[in-house]
Amino acid sequence: MRVLDFRSDTVTRPSPAMRRAMAGAEVGDDVYREDPTVNRLEALAAEMLGFDRAVYMPSGTMTNQVALLAHTRRGQEVIVTRGAHIYEFEPGAMANLAGVSPRFVSAPYGVPDPEEVRFAIHDSPHQAPTGLIALENTHNTAGGTVVPLEAQRAVQEVAREAGLPVHLDGARLFNAAVALGVEGREVAAGFDTVSICLSKGLGAPVGSLLLVPAELESEVRRYRKMLGGGMRQAGVLAAAGLIALQEGPAALARDHAMARELAGGLVDLGLDVDLRSVQTNMVFAAVPDARRFAADLAAAGVLINALGPARVRFVTHRDLPDDAVTEALPRVEHVLG
Ligand SMILES: Cc1ncc(COP(=O)(O)O)c(C=O)c1O
């Protein structure tokens, strides 16, 4: 039986072209800024996303946490949307590294209300002062949902009025761009820093980039080194990242179409799926016992993640065959009995 892995878009393996590029990559010591392949990747990302500089790091967790370190000081609060990866899935790094605490704002479908954000900003002797506002696009736990550009701008305007920086966790920024039909740089516009991941839907085996203004670059490189992200001959990884960045975005539309097809099929089988949330490459379904359902499906050769007691997530990606949904749905039907 062919195993169909819908757990995450992080499970993709490097393509043959990526492996060839990795094997032949020109390298040097990146901590000395002497790795030509990393330098090319950083220059391309900065150019594509409209920033002065990009800094290559091993993971999206590191780019997010370095951004927190660069923007905040200990004891401050960071305004985050409920369910944000930067708080939920970056094992307490916010508290342990930057020493900041989250101030949550509600965000239906990942979209916060700018007035709630304005109200969450603190600057009084009675509360922890706000140091940063962080958005996420696409918003993972909301369903892989897209934050519209106007909604981003409204929050950026609130931040500007308060003199606060705004960071975007754009781990799946290109999924948002493809869904919106715009260039990546339009999604990245107006933020002080943006994190993008090459190792999700874009297909690289490793790597994220933090997009920064020139004046933050040396501090960001220092924090990267402090967290263990000085990777020396990292060009062997960046070579795959270059292919991911150049060719990955165009392939995302297929993942999105596959997610829509899957969502429709699950609804036809009687599963509870909020179709409004199916905007990119994720499908969340409500089930009575998520762990049990995931285990039963795994036994039928379909891998998914339980992301709550009664919530499971399917993610589509480039390593799933074109007929993955057609093949998966009868197995789901079988498990539903
Ligand atoms: C929205 C979001 N941000 C950040 C990350 C962190 O990326 P990494 O796994 O490379 O640390 C993830 C990972 O899945 C994510 O979904």
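What follows walks through the sheet, the helices packed on it and the ligand shell of this predicted model.

The sheet comes first. It is an open one built from 7 strands, running in the order S2-S8-S7-S6-S5-S3-S4, and its pairing is mixed. The edges are taken by strand S2 (53-57) and strand S4 (101-105); each has a single partner strand, so one side of each is left without a neighbour in the sheet. From one strand to the next, the twist averages 25°. Within the sheet, strand S6 (residues 166-170) pairs with strand S7 (residues 193-197) in the parallel sense, over 4 bridges. Asp169 sits opposite Ser195 of S7.

Two helices that pack on this sheet are worth a look. Helix H3 (residues 60-71) touches S2, strand S3 (77-81), strand S5 (130-136), S6, S7 and strand S8 (208-212). The direction of H3 makes about 25° with that of S8. Helix H7 (residues 149-162) also packs on the sheet, where its contacts are with S5 and S6. Here the direction of the helix makes about 175° with that of S5.

Then there is helix H8, which spans residues 173-180. Of its 8 residues, 7 are buried, so H8 is largely enclosed by the rest of the structure. The buried set consists of Leu173, Phe174, Asn175, Ala176, Ala177, Val178 and Ala179. The cover over these residues includes S6, S7, helix H9 (184-188) and H12. Just after H8 comes Gly181, with a positive phi near 70°.

The packing of H8 against helix H12 (residues 252-268) can be spelled out further. The two helices meet at an angle of about 75°, and their axes are 10 Å apart. An angle from 65 to 115 degrees counts as roughly perpendicular, and H8 and H12 are therefore roughly perpendicular to each other. On the H8 side, the contact is made by Phe174, Asn175, Val178 and Ala179, while H12 brings in Leu252, Ala253 and His256. By character, these contact residues split into 5 nonpolar and 2 polar, with no charged ones. Phe174, Asn175, Val178 and Ala179 thus turn up twice: they belong to the contact with H12, and they are among the buried residues of H8.

That leaves the ligand. It is surrounded by 13 residues, of which Ser59, Gly60, Thr61, His85 and Ala171 are the closest. H3, the helix that packs on the sheet, gives the most to this shell, with 3 residues. The shell as a whole divides into 9 polar, 2 nonpolar and 2 charged residues.

Definitions and conventions. Residues are numbered from 1 along each chain as its sequence is written. This is a predicted model: local features need pLDDT of at least 70, side-chain atom pairs count only at pLDDT 80 or more; totals for chains, interfaces and linings use all residues. Two strands pair if DSSP finds at least two bridges between them. Axes are lines fitted to C-alpha atoms, for helices over the stretch in contact, and angles run from 0 to 180 degrees between N-to-C directions. Two residues are in contact if their C-beta atoms, placed from the backbone, lie within 7 Å. Angles under 35 degrees count as roughly parallel, over 145 as roughly antiparallel, 65 to 115 as roughly perpendicular and the rest as oblique. Ala, Val, Leu, Ile, Met, Phe, Trp, Tyr, Cys and Pro count as nonpolar, Asp, Glu, Lys and Arg as charged, and the others, Gly among them, as polar. A residue is buried if 20 or more other C-beta atoms lie within 10 Å of its own, exposed if 12 or fewer, and partly exposed in between; C-beta atoms are placed from the backbone. A residue is near a molecule or strand if its C-beta atom, placed from the backbone, lies within 6 Å of it.
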